Amino acid sequence: MRSREQSGGLHPTVILWMAVGMLGFAVLPWYGVEDGFFGLSWLFEGYPLEFAPALVLSLKGEKLWLAPLGLLMAAPLLLWGRQKSDPLFGKLLVAIGAAGFAWMLFQGFAIGLRGWQFGWLQGLFGELGDRQFGMGYGALLVGLAFLFLFSVGLAARGAVGGDVFVVSTIAFVVAAVGLFIFMPILQMLANALVTEDGSYSVTTFLGKLFSARLWSLDCLAGGSRCGVAWNSLFLAVLVGVLTTVLGLVFALMVTRTGFRYGKLLRALTVLPIITPPFVIGLAIILLFGLSGAVTQTFSELFGIQPTRWIYGLPGLLIAQLLAFTPIAFLVLIGVVEGVSPSMEEAAQTLRANRWQTFWTVSLPLMRPGLANAFLLGFIESMADFGNPLVLGGNFDVLSTEIFFAIVGAQNDEAQAAILALVLLAFTLLAFYAQRFWLGKKSYTTMSGKGDAGMHPQLPTGLKRAVYGVAGFWVAFTIFIYATIFYGSFVKLWGVDHSLTFAHYVKAFAVGWNEFGIHWKGSAWSSFWTTLQIALISSPLTAAIGLLTAYLLVRQNFAGKNAFEFGTMLSFAIPGTVIGVSYVIAFNVPPIELTGTGIILVLSFIFRNMPVGVRAGVASMSQIDKSLDESSLTLGANSWQTFHRVVLPLLRPAIVAALVYSFVRAMTAISAIIFLVSARYDMSTSYIVGRVENNEYGIAIAYSAVLIGVMLAVVGLMQLVVGRRNIGRRGHELSQSRTNVSQPAFSGGS
Amino acid sequence: MAEIKSNAASVEFRDVTKVYGKSPVPAVNNVSLFVEAGKLVTLLGPSGCGKTTTLRMIAGLEMATRGQILIGGADVTQLPATDRDVSMVFQSYALFPHMTVNENVEYGLKFSGFAKKEIGERARAGLELVGLSGYGSRLPSELSGGQQQRVAVARALVLEPQVLLFDEPLSNLDAKLRRRVREEIRDIQTKLGLTVVYVTHDQEEALAVSDRIIVMNNAVIAQDGTPRELYDAPADAFVADFIGEANIFDCEIASVDEGLAKVRLGGLETELDARGMKPGPAKLAVRPSRIEIKPAGSPRTIPGRLDKVTYVGSDLEFMVGTEFGEVFAVSSDVDAPFVPGQDVGLGFAARGPVLIRA
């Protein structure tokens, strides 16, 4: 045996978490601090009572319901001198951890802004005469300590081979996902039942759920408009199908036609991903709107009366196709490359011609990719908020409808919740339909054995069609981006086309005053906030995503399937729904986050986590499991193995997850439009504000700057995280990078 | 200069069963075995027989569903891999591609509480032992397959484990290198007196390196013995055929007298070691090299007709059609004038046939 037996006293891990818990209970302020999570003013003001730790509160006879937590925190001392293998050790820790965590949740939810939340408690204890505040550092640390003591206990009882690191990680991810994905969604469900006078009513709920505004089919019967839900669904299906087809076209062109400028095409497809969501919508207005360049040219040349045709379905469709096709392409290129050439060669030697090979072998093998690409396009379109806001016209969709329900005159949270439910139902249905369609068939074509051979060329007719479609798309994209760039320098589009720097100056002027640099421009505040939030959230997103991937790929534990489903669920939840549910759930204690930067960071982490998970899963499955095992047999524990062997080999996935979550944080709009506050305004919501005021110049100039900044930061991240140094194999592994990054670009906006 | 020593300890399985997930069939079924300290014992069997699962249970990479595992007399059944004093050399070598050879060899030492200086010295000693001094700063990808293999061995050796495990360590090497490396492994093992458990599906490799071989089939131990015991006295038809090739004949034990059995095979009668068997139907295993091809009608032969004669360089191989089915025979007399279609008589060399249970 390697000599690791402790000598008496307490297990070191237990000591660690007790210390953390005690720090939270006895030293740090229990409740949230007014000037934000990172505000430390309480340190210098000598603990005013509202910043007191729970211990002080209890000693002063206030908030006595916190006192049991302290006792529970001290309870592991009962284990003094006991070995980890002692059955009591595990049992007691599990009991302490569970009791502590449950008590925290109970006191958090049972006591609200106005005393007891539940009638029976009032009956039991009488009027409370006190209220709840949002939890702060102290509560956070104590909660974590209970969670991890619980895990240590479970591990000691033999869960997952007795591995403390793995059990703790599972517990942490489960708690985080439960608290920040499931709880908000459930609260939103509950809210959907609330009527205007504050009571619960199923009939009102059903009335709203099945209202004509949502489900009318007038347009089929010659009426003017259809229900919002049908609009969203129709648009999303259309976008899903078309982006998948277009993505497949590009993927085939790059891999199967001897096309030489594949790299260029890939570079071009990155552009829409780093473009703030409604910029394309704006450019389309600049070109095809009433006073748009193309519209005007046509009316002058051919005398065609300018119309507003672009507003509504046509414009939305064009904008979303431009924005989401690259995502489909990135998903499909990995899949198309992944189809083993020997399968196709085998088909050909069995007398199938190129068409037959393509239809009977290549295409069916791409099915998972096609399903994935469709699902992404569908969800992206459902959740898209920017383009419908700008281009929607009379074609109302769910996402904008939800927005106006919350920010509009009526401020109807219940209505927003109901709409969000419908949206969620659609995406979850699509999610299930995809799983059902793929079924249990295996589409694995990578055998891990040598796989020489060439992909066959496309049949000539198909090849021509592919070139035609792709050529048109590329030209159109370049045209759109040239318009954006040019538009940011034009004084007033459609009226005064003289060139000017005025928009940039107004947004980004810098001056000097007695304090040094003075950020005069109107955009600076939101710009710095965005950068800060994005830089904080992206490493956290990558971390939790990769940890989850590690659990999914490398560990076996009871309930793994449910675990996987839970973590991937947020992938099917549109940003709009996350936004609404966060507003509803985190507006009141015990977790009171509205108006803080934390809520933005949290929403990004849990919005983008599935991406980290997928990137991690994809590249971890390519790392031979025997590497982990040899590390374990060499005496490293699972944390050391993760840290020294798995992580260094995962660098490409880390880069992908970092880059992606950063870019998403910079460009997201659908969730954060509900979560921004005066103090924490984000670039995208600032730009939306400008668009609503018809200040297109500034909006476009700002977007151009964001695109530039993202390119720079993405490049920097690549440099900092660097590459794996593994000699010759580096070449072979870098080939897989397309596979690693392909699932990265997924999830709603 | 540090020297690699051995802390060899025994390995014992007591009624160990391993069931994966909800699978109805156990991967290892109620296996008991004992490996003495300082011996090289091979787990041999066809793929899917449970030998690798057994090895991984020794390592702690799989946990036994039932039963007890002891290393050096101490119960380690519940201990995970990290806490067992066992090292393993993987089929794929599992060298960490992002670390140099030195870093790979030092990896396990870092977690064993050695001083920095000692880590370096031990790593150097380990590399020297496998003849790779001076390769320390290379990356695994810059080494040949055989060299990678030796790094993997050095990495496991420097920890001076109680038990060293090998999981088909030669399967990724070409045939000539295989012979050399297996001799190197055996040399190091005997020199340091290590306890080694070695998994392979190659019976020749097993015969060459082992003190003892444990043959597994269908999740249980088929036979446990020295190479010679297995070869000369296989317990059943499976072992007879798996270790070297064997022709299996149905025969009849007419009578047993003081450990000697009178065996009837067609018209042929011989006396053989009864191996505790009683009169009745039995089987006879005969190695191809112990079958003599004689002119037709020779005494004490069974008649047959040559179907195929294949020249493979050092030997002639025969397929002979007989009343008992096809018989495979090998003769090193490559100049013997036999041609297909010819009638021959098959005789058994002394000590050739072995009785096994029907």
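Tutor: Before we start, a helix here means a DSSP run of H or I with at least four residues, and a strand is a run of E with at least two. Keep in mind that we're looking at a predicted model.

Student: Okay, so for residues 527–717 of chain A, what percentage is helix?
Tutor: That span belongs to a feature UniProt calls "domain: ABC transmembrane type-1", from an unreviewed entry, which also takes in residues 229–434 of chain A. The end C-alpha atoms of 527–717 lie 19 Å apart. Strand accounts for 0% of the span, and helix for 76%.

Student: How many strands are there in chain A as a whole?
Tutor: Two of them are easy to find: β5 (residues 510–513) and β6 (residues 516–519) run antiparallel in chain A, joined by four bridges. Counting along chain A, you get 34 helices, and the strands come to six.

Student: Which residue in β6(A) is the bridge partner of A:N513?
Tutor: Look at the hairpin that joins β5(A) to β6(A) through two residues. Across it, A:N513 has its bridge partner in β6(A), and that partner is A:G516.

Student: Let's move to chain B. How far apart are the centres of its domain 1 and domain 2?
Tutor: First find the two parts: domain 1 covers 11–232 of chain B, and domain 2 covers 245–356. The C-alpha atoms of chain B fill a box of roughly 75 × 45 × 40 Å along the principal axes. Taken over C-alpha atoms, the separation of the two domain centres is 39 Å.

Student: And what percentage of residues 11–243 of chain B is strand?
Tutor: UniProt lists that stretch as "domain: ABC transporter", again in an unreviewed entry. Chain B overall has eight helices and 20 strands. Over residues 11–243, helix makes up 36% and strand 24%.

Student: Which element of chain A gives the most to the side that touches chain B?
Tutor: Start with the contact itself: 28 residues of chain A meet 28 residues of chain B. The elements giving two or more residues to the chain A side are α28 (625–633) and α29 (638–649). With six residues, the top contributor is α28(A).

Student: How many residues on that chain A side are charged?
Tutor: Go through the side of chain A that touches chain B class by class. Nine residues are nonpolar and eleven are polar, while the charged ones number eight.

Student: Which helix of chain A gives the most to the largest nonpolar core?
Tutor: This core has 317 residues, and A:L282, A:V580, B:L165 and B:V197 have the most contacts inside it. Leaving out residues up to four places away in sequence, A:L282 touches A:V390, A:V691, A:Y696, A:A699 and A:I700. The helix that gives the most to the core, 16 residues, is α15.

Student: Is B:Y93 buried or exposed?
Tutor: You'll find B:Y93 in the loop between β6 (86–89) and α2 (101–110) of chain B. Its phi is positive, about 70°, although B:Y93 is not a glycine. A residue needs 20 or more C-beta neighbours within 10 Å to qualify as buried. B:Y93 has 23 inside 10 Å, so it counts as buried.

Student: Last one: how many C-beta neighbours does B:A219 have inside 10 Å?
Tutor: B:A219 sits in the loop between β9 (212–217) and β10 (220–225) of chain B. Its phi is positive too, near 70°, in a residue other than glycine. B:A219 counts as buried because its number of C-beta neighbours inside 10 Å is 22.

Terms used
Residues are numbered from 1 along each chain as its sequence is written. Chains are lettered from A and ligands numbered from 1 in the order in which they are written. This is a predicted model: local features need pLDDT of at least 70, side-chain atom pairs count only at pLDDT 80 or more; totals for chains, interfaces and linings use all residues. Domain bounds come from an automatic or database domain assignment. Two residues are in contact if their C-beta atoms, placed from the backbone, lie within 7 Å. Ala, Val, Leu, Ile, Met, Phe, Trp, Tyr, Cys and Pro count as nonpolar, Asp, Glu, Lys and Arg as charged, and the others, Gly among them, as polar. UniProt positions are given in the numbering used here, feature names are shortened, and annotations may be inferred rather than shown by experiment. A nonpolar core is a set of buried Ala, Val, Leu, Ile, Met, Phe, Trp, Tyr and Cys residues joined through C-beta atoms within 7 Å. A residue is buried if 20 or more other C-beta atoms lie within 10 Å of its own, exposed if 12 or fewer, and partly exposed in between; C-beta atoms are placed from the backbone. Two strands pair if DSSP finds at least two bridges between them.
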